[in-house]
Amino acid sequence: MKLKSKKLNKGIYKTIVVATFIVIVWILLTMVFKLVAAIFIPSPVDLANSFVKLAPGLPSSILASIFITMSGFGIGIAAGVFIGMMMAYSKGFMQTIGPFMEVTRPVPVFALIPLFMLWFGLGLWPQILLIALGVSAILGVQTYEAIRNMPIVYIRAAFNLGASKQAIFRTVVMPYIFPHLVGAIRVAAATSWGLDVAAEFMGVQVGLGYTMIVQQMYLNTSGIIVIILIYSAMAIVLDQVIRKIEKRVTHWTDREALSFDGLN
């Protein structure tokens with residue numbers, strides 16, 4: 001525990017040193033020597049002024065983006081895990097849906113924005129569905145691959161003890177694959193915020209993405225960076241929440257004990 005605490009304190013110290021160095025260089029470039037124009041890299045004062053100007057509308061924009069992103073993220077996780085498990089559970093389902101997923105999965109989700117606008121029009125649901133599609137593609141493939149890589153001895157042991165196919169999936173497969181899905185869920189969480197920005201280009205005048213579009217129209221670089229920082233903060237918070245849930249749900253695994261320290 002003491003060793004872990006020392007490593008944590010050392011990591012915080014390094015972060016503070018690097019952050020301080022970056023801020024000093026930033027101030028020298030933009031405020032002292034003025035070597036970089038504000039349209040490319042705004043000064044800390046410009047960022048603060050932009051934040052003050054945007055502050056009145058930020059709460060509603062943040063809530064709208066959180067609602068859109070988390071709705072699409074939740075639907076995408078549920079759909080992706082369900083599709084991945086059904087492909088492993090049913091050979092007929094795999095033969096029907098598998099080829100369709102293999103054809104559509106490489107298609108960039110961002111390229112589908114014009115089609116979503118034509119098919120579903122403008123509104124929150126097209127934005128949510130776009131995010132859900134991107135997230136479900138990640139989780140669907142990862143779920144299926146996690147089940148395929150599962151040691152067959154676990155399934156045979158459960159079957160020999162009299163467990164049905166449904167019981168094996170519920171009591172053996174699902175607990176086994178969940179730790180393997182955590183990484184994919186974290187990647188999907190980060191991706192969902194990027195998809196939210198793209199989704200808000202679909203004409204709805206709410207959310208941080210729309211606010212960023214407005215700042216771009218007026219060439220307000222400092223305003224764009226403020227929105228990016230807010231998105232980054234929300235992505236970090238969501239990632240930390242997922243990690244906390246992971247530690248509680250997968251405490252029975254040896255993930256935390258794994259270490260390569262001291263090995264040559």
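Helices are DSSP runs of H or I with at least four residues, numbered from the N terminus. The model described here is predicted, and this report covers its salt bridges and a charged surface patch.

**Salt bridges**

The structure contains two salt bridges. One joins the side chains of Arg148 and Glu145, with an N to O distance of 3.6 Å. Both residues belong to helix 6 (residues 124-148), and because they are three residues apart there, about one helical turn separates them. Arg148 is exposed, at 55% relative accessibility, while Glu145 is partly exposed, at 30%.

The other pairs Arg186 with Asp239, whose closest N and O atoms are 2.8 Å apart. Arg186 sits in helix 8 (residues 165-199) and Asp239 in helix 10 (residues 221-249), so this salt bridge ties together parts that lie 53 residues apart in sequence. Arg186 is partly exposed, with a relative accessible area of 29%. Asp239 has 18% relative accessibility and therefore counts as buried, the cut-off for buried being under 20%.

The two pairs are set out below.

| Salt bridge | N to O distance | Relative accessibility of Arg | Relative accessibility of the acidic partner |
|---|---|---|---|
| Arg148 and Glu145 | 3.6 Å | Arg148, 55% | Glu145, 30% |
| Arg186 and Asp239 | 2.8 Å | Arg186, 29% | Asp239, 18% |

**Positive patch**

On the surface, a patch of positive charge is formed by Arg243, Lys244, Lys247 and Arg248. Among them, Lys244 lies in helix 10, the helix that also holds Asp239. Lys244 has a relative accessible area of 56% and is exposed, since exposed means over 50%.

Methods:
Residues are numbered from 1 along each chain as its sequence is written. This is a predicted model: local features need pLDDT of at least 70, side-chain atom pairs count only at pLDDT 80 or more; totals for chains, interfaces and linings use all residues. Side-chain values use heavy atoms; hydrogens and water are left out. A salt bridge is a side-chain nitrogen of Lys or Arg within 4 Å of a carboxyl oxygen of Asp or Glu. Helices (H or I, at least four residues) and strands (E, at least two) are DSSP runs, numbered from the N terminus. Buried means under 20% relative accessible area, exposed over 50%, partly exposed in between (1.4 Å probe, protein chains only). Patches are made of residues with over 30% relative accessible area and no salt bridge: like charges are joined within 9 Å, nonpolar side chains (Val, Leu, Ile, Met, Phe, Trp, Tyr) within 5 Å. Accessible areas come from the Shrake-Rupley method with a 1.4 Å probe; for residues, only the protein chains shown count as cover. Lys and Arg count as positive and Asp and Glu as negative; His and the chain ends are not counted. The place of a charge is taken as NZ of Lys, CZ of Arg, CG of Asp or CD of Glu.
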